[in-house]
Amino acid sequence: MSQRVRSTSVAGSSSNTVTKVLPLIQCPRCGSSVVRLVSKQPASYGWIFYTCEHHSQDDPASCGFWKWQNEYELYLRRRNLLPLEQRGVVVPGNADIEAGVEVNQDQFGARIWRSMDELKLQLTELIQKIDLSRKNVLSDSQ
């Protein structure tokens, strides 16, 4: 379920989502209006996305235009459709820095935690290899 917002004003913001007002354009696929929605799904609750008003998740024949907020901003940026005051805004986030897009703070935080978990796992594996090598060296020297 999603909340429909049909204007460029911010209709409530989630404390864990970076909220930005982006222009609503005509859908590039079918010419209808693009709308700003707020996700109500548990995994992405409060995240903002933009979609064609004729997009339906349950109907594969419906218009397929659908983008998370950072993807929509990048789409607008690449087509010079952002107002001048928004063209230079950059919020840190790995590859997003080069793309110049805003990062959803939940996604950015999740990426950092995944990276940290991967690094912890790699460090643990390296420590185990070092310990095994030390044991082998000690057993060879005796």
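Q: By about how much of the helix are Arg-77 and Glu-73 separated in helix 1?
A: This is a predicted model. Arg-77 and Glu-73 lie 4 residues apart in helix 1. That places them at a separation of about one helical turn.

Q: Which side chain does Arg-77 meet in a salt bridge?
A: Side chains of opposite charge can pair when their charged atoms come close. The structure holds 1 salt bridge. In it, the N to O distance is 2.7 Å, and the partner of Arg-77 is Glu-73.

Q: Are Arg-77 and Glu-73 buried or exposed?
A: These two residues form a salt bridge. Both of them are classed as buried.

Q: How many disulfides does the structure hold?
A: A disulfide needs two cysteine sulfur atoms within 2.5 Å. For Cys-27, the closest cysteine sulfur is in Cys-63, at 3.4 Å, so this pair is too far for a bond. For Cys-30, the closest is in Cys-52, also at 3.4 Å and too far for a bond. The number of disulfides is 0.

Q: What is the relative accessible area of Cys-27, and what is that of Cys-30?
A: Cys-27 is buried, with a relative accessible area of 4%. Cys-30 is partly exposed, and its value is 40%.

Q: How many residues of strand 3 are buried?
A: Strand 3 covers residues 48-52. On one side, Ile-48, Tyr-50 and Cys-52 are buried. On the other side, Phe-49 and Thr-51 are buried too. The count is 5 of 5.

Q: Over how many bridges do strand 2 and strand 3 pair?
A: Strand 2 spans residues 34-39. Within this pairing, Val-34 has Cys-52 as its bridge partner in strand 3. The two strands run in the antiparallel sense, and the number of bridges is 5.

Q: Which residue of strand 4 stands opposite Phe-49?
A: Strand 4 (residues 66-68) runs antiparallel to strand 3. The two are joined by 3 bridges. Opposite Phe-49 stands Trp-68.

Q: What is the phi of Asn-80?
A: Asn-80 sits in the loop between helix 1 (69-78) and helix 2 (95-99). Most residues other than glycine have a negative phi. Asn-80 is not a glycine, yet its phi is positive, at about 55°.

Q: Does Asn-80 count as buried or exposed?
A: Exposed means over 50% relative accessibility. Asn-80 has 55%, so it counts as exposed.

Q: Which residues are in contact with Leu-81, leaving aside its neighbours within four places in sequence?
A: Leu-81 is in the loop between helix 1 and helix 2. Leu-81 is partly exposed, with a relative accessible area of 39%. Its C-alpha atom is separated by 7.9 Å from that of Pro-23, although the two residues are 58 apart along the chain. The contacts of Leu-81 are Pro-23, Ile-25 and Leu-76.

Q: Which element has the lowest mean pLDDT, and which the highest?
A: The mean pLDDT of the protein is 75, and 65% of its residues reach 70 or more. Among the elements, strand 1 (residues 2-5) has the lowest mean, 45. The highest mean, 95, belongs to strand 3.

Q: Over which residues is the pLDDT below 50?
A: Where pLDDT is low, the predicted coordinates should not be read in detail. One stretch below 50 has 47 contacts in the model beyond near neighbours in sequence; it is residues 1-17. Another has 17 such contacts; it is residues 89-95.

Key. Residues are numbered from 1 along each chain as its sequence is written. This is a predicted model: local features need pLDDT of at least 70, side-chain atom pairs count only at pLDDT 80 or more; totals for chains, interfaces and linings use all residues. Side-chain values use heavy atoms; hydrogens and water are left out. Buried means under 20% relative accessible area, exposed over 50%, partly exposed in between (1.4 Å probe, protein chains only). Contact means heavy atoms within 4.5 Å. A salt bridge is a side-chain nitrogen of Lys or Arg within 4 Å of a carboxyl oxygen of Asp or Glu. pLDDT is the predictor's confidence in each residue, from 0 to 100. Two strands pair if DSSP finds at least two bridges between them.
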